[in-house]
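Biologist: I am new to this structure and would be grateful for a close look at a single part of it. Please begin with one pair of neighbouring elements, and then place that pair in its surroundings.

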Amino acid sequence: MQRYSVFAIAREALRHHTGWERAWKSPEPKAAYDVVIVGAGGHGLATAYYLGKNHGITNVAVIEKGWLGGGNTGRNTTIIRSNYLQDPSAAIYDKALQLYEGLSQDLNYNVMFSPRGLLMLAQTHHEVRGYLRTVHANLLQGVATEWISPQRVKELVPIINIDGPRYPVLGALYQARGGTARHDAVAWGYARACSAMGMDIIQTCEVKGVRSENGAVAGVETTKGYIACKKLGMVVAGHSGQLADMAGFRLPIEAVALQALVSEPIKPCMDVVVMANTVHGYMSQSDKGEMVIGGGTDGFNNFTQRGSFHHIEETLRALVETFPMISRLKMLRQWGGIVDMTGDRSPIISKTPVGNCFINCGWGTGGFKAIPGSGWAMAELMARGEPGPLAAEFSMWRFKEGRFIDESVAAGVAH
Amino acid sequence: MLLLECPYCGVKAEETELTPGGEAHLKRFGPGSAPEEFEAYMFARKNPKGVHFERWRHAYGCGKWFLAARCTATLEVFGTYPAQCPEPPPELVKKIKAKRPNWKGWK
């Protein structure tokens, strides 16, 4: 791999940029691999990367039915935070945040991680109690968060209206280390690093069936032919249920649409991420100046990557109340992603009823922030065949055993 | 935009009048049931990409719960029926089979 550096830019500037090589190779699939990962989104590529980096397994293919990073990795609002209530969540999301902090150097690819700070507004007394509890829990978990006053919120976010008629701002949960990153760059950076380790990234290759022998996985039928593998990792978010069905087991997952949108670009006006969970909208400003906006999921099962208009209206109504100055902004683009929701709104990183077949799914509406930690934990699980400390609590059998990691109660909303 | 006809009041209700209620025809389990049964009732869902039977409430209309057959891949609505039906009406199943020949049936 040709390293990116200031010297590389200087060298290429002198030869009219004719020497840049492709960031990753696009080979045809081989007949067999040690590991096949289904899904070349952030989580799948991160899994492959840490399999190679941490465990020395590089005979790996990452197969993708669409294009690299074209699913939810390219459809989120790029928010990164680790201020979760439950211990297993805080552990894996904070691992992810720590890895994000050094990711550009690690991958030699600028993922534009911007730890600009993140606020979760408390707008009801119930929420104040909830966030104070989270701050205390984070303190015990070693995750630095703090409770701040409405005045401090106003200092951090001058455009906010803290005296709204319905839901005045009563304070906020503040994580200074939270922020955003460039979502595509995360997928591209991992893909480039995987390719450099000799892994094959195979796009437009859809899985049509999972073949198993004697209760263990043998390979996958794809649109580019049969690919044998010793271990299979399923990392496909919205279509996890369909893939599990091919392998012959069921998941406690439902797929729903989550929408997001961006405004026309404006001058810098907000340099933190603000989430308002009571009225349910969140907003940050991208480096291009667009206001990046998200809200709640649509309420019904949906695989169409588009949602209902009235949900956008609800989100914008909430945010106009919170940030009156955005009321005349034009919204430029809107999109939807299919998110995989579990009953306790926590992910699944688990062995499955099929031998040597592992699954990483259920990230629901909050997967982007977890990509490095998720890949790290999934790689550990796949390499050893047993979950490490990060993944241990996220087994798919926790729903039967009653060991929920209940973040739906902790957040009050899908998050 | 989804339009579902409420089988009770006959109104063609638009999505904002309705509240979605998840998968229909779930078998309920109570105290004394096995962990597997609770898991099946509370968490295991069919989540099909295609024909789906689900509960809806005409929240801003007559307020009643009803059931609907809908395609999650295209958002096409096949029909609605009262919540008292223990399984989808045969004529609705026939209609769906005609439109989706590869559909494996509702169970």
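Modeller: In chain B, strand S5, residues 65–71, is joined to strand S6 by five bridges, and the two strands run antiparallel. One position that shows this pairing is B:Ala68, which faces B:Thr80 of S6(B). Please bear in mind throughout that the model is predicted.

This pair belongs to an open sheet of four strands in chain B, in which the order is S3-S4-S5-S6 and the pairing is antiparallel. The edges are occupied by S3, residues 19–23, and S6, residues 77–82; each of them has a single partner strand, so one side of each has no neighbour in the sheet. From one strand to the next, the twist averages 30°. As general background, strands of a sheet pair through backbone hydrogen bonds, in a parallel or an antiparallel manner.

The other two pairings of this sheet can be described in the same way. Seven bridges connect S4(B) with S5(B) in the antiparallel sense, and within this pair B:Trp56 has B:Phe66 of S5(B) as its bridge partner. S3(B) and S4(B) are also antiparallel, with three bridges between them; here B:Thr19 is matched with B:Arg57 of S4(B).

Two further features of chain B complete the surroundings of the sheet. Helix H2(B), residues 90–99, lies across S4 (51–57), S5 and S6, and its direction makes an angle of about 170° with S6(B). The loop that leads from S3 to helix H1 (35–42) of chain B contains B:Gly30. B:Gly30 has 8 other C-beta atoms within 10 Å and is therefore exposed. Between the C-alpha atoms of B:Gly30 and B:Tyr41, which are eleven residues apart along the chain, the separation is 9.6 Å.

Chain A also contains an open sheet, this one of eight strands with mixed pairing, in the order S5-S6-S4-S13-S14-S15-S12-S16. At its edges stand S5(A), residues 146–148, and S16(A), residues 331–342; since each has a single partner strand, one side of each is left without a neighbour in the sheet. On average, neighbouring strands here are turned by 25° against each other, direction ignored.

Within the sheet of chain A, S15, residues 291–301, deserves attention. Ten of its eleven residues are buried, so S15(A) is largely enclosed by the rest of the structure. On one pairing, S12(A), residues 253–263, is joined to S15(A) by five bridges in an antiparallel arrangement, and A:Val262 has A:Val292 as its bridge partner. On another, S14(A), residues 281–285, runs antiparallel to S15(A) with four bridges between them; A:Met283 is found opposite A:Ile293. S14(A) and S15(A) form a hairpin with five residues between the strands, and in its turn A:Gly289 has a positive phi of about 100°. Elsewhere in the sheet, S4(A), residues 118–122, and S6(A), residues 171–175, are antiparallel and share five bridges, with A:Leu118 partnered by A:Gln175.

The helices of chain A offer a second kind of packing, with H10(A) taking part in two crossings. The axes of H2(A), residues 42–55, and H10(A), residues 371–384, approach to within 7 Å and cross at roughly 55°. At that angle H2(A) is oblique to H10(A). The residues in contact include A:Ala46, A:Tyr50 and A:Asn54 of H2(A), together with A:Gly375, A:Met378 and A:Met382 of H10(A). This crossing of H2(A) and H10(A) is right-handed.

The axes of H3(A), residues 87–101, and H10(A) come within 6 Å, at a crossing angle of roughly 110°. H3(A) and H10(A) are therefore roughly perpendicular, and their crossing is likewise right-handed. Among the residues that meet are A:Ile92, A:Ala96 and A:Leu99 of H3(A) and A:Pro372, A:Gly373 and A:Ala377 of H10(A).

Finally, consider chain A as a whole. Its secondary structure comprises twelve helices and 18 strands. Its radius of gyration is 21 Å, which agrees with the value near 22 Å for a compact globule of 415 residues. Along the principal axes, the C-alpha atoms of chain A fill a box of roughly 65 × 65 × 40 Å, and 54% of the residues of chain A count as buried. Of the contacts in chain A with a separation of 6 or more, 76% are between residues 24 or more positions apart.

Methods. Residues numbered from 1 in each chain as written. Chains lettered and ligands numbered in written order. Predicted model: local features only at pLDDT ≥ 70, side-chain atom pairs only at ≥ 80, totals over all residues. Pairing = 2+ DSSP bridges. Axes fitted to C-alpha atoms, helices over the stretch in contact; angles between N-to-C directions. Contact = placed C-beta atoms within 7 Å. Rg over C-alpha atoms; globule rule 2.2 N^0.38 Å. Buried ≥ 20, exposed ≤ 12 C-beta atoms within 10 Å, placed from the backbone. Parallel < 35°, antiparallel > 145°, perpendicular 65-115°, else oblique. Left-handed = near helix turned anticlockwise from the far one by under 90°.
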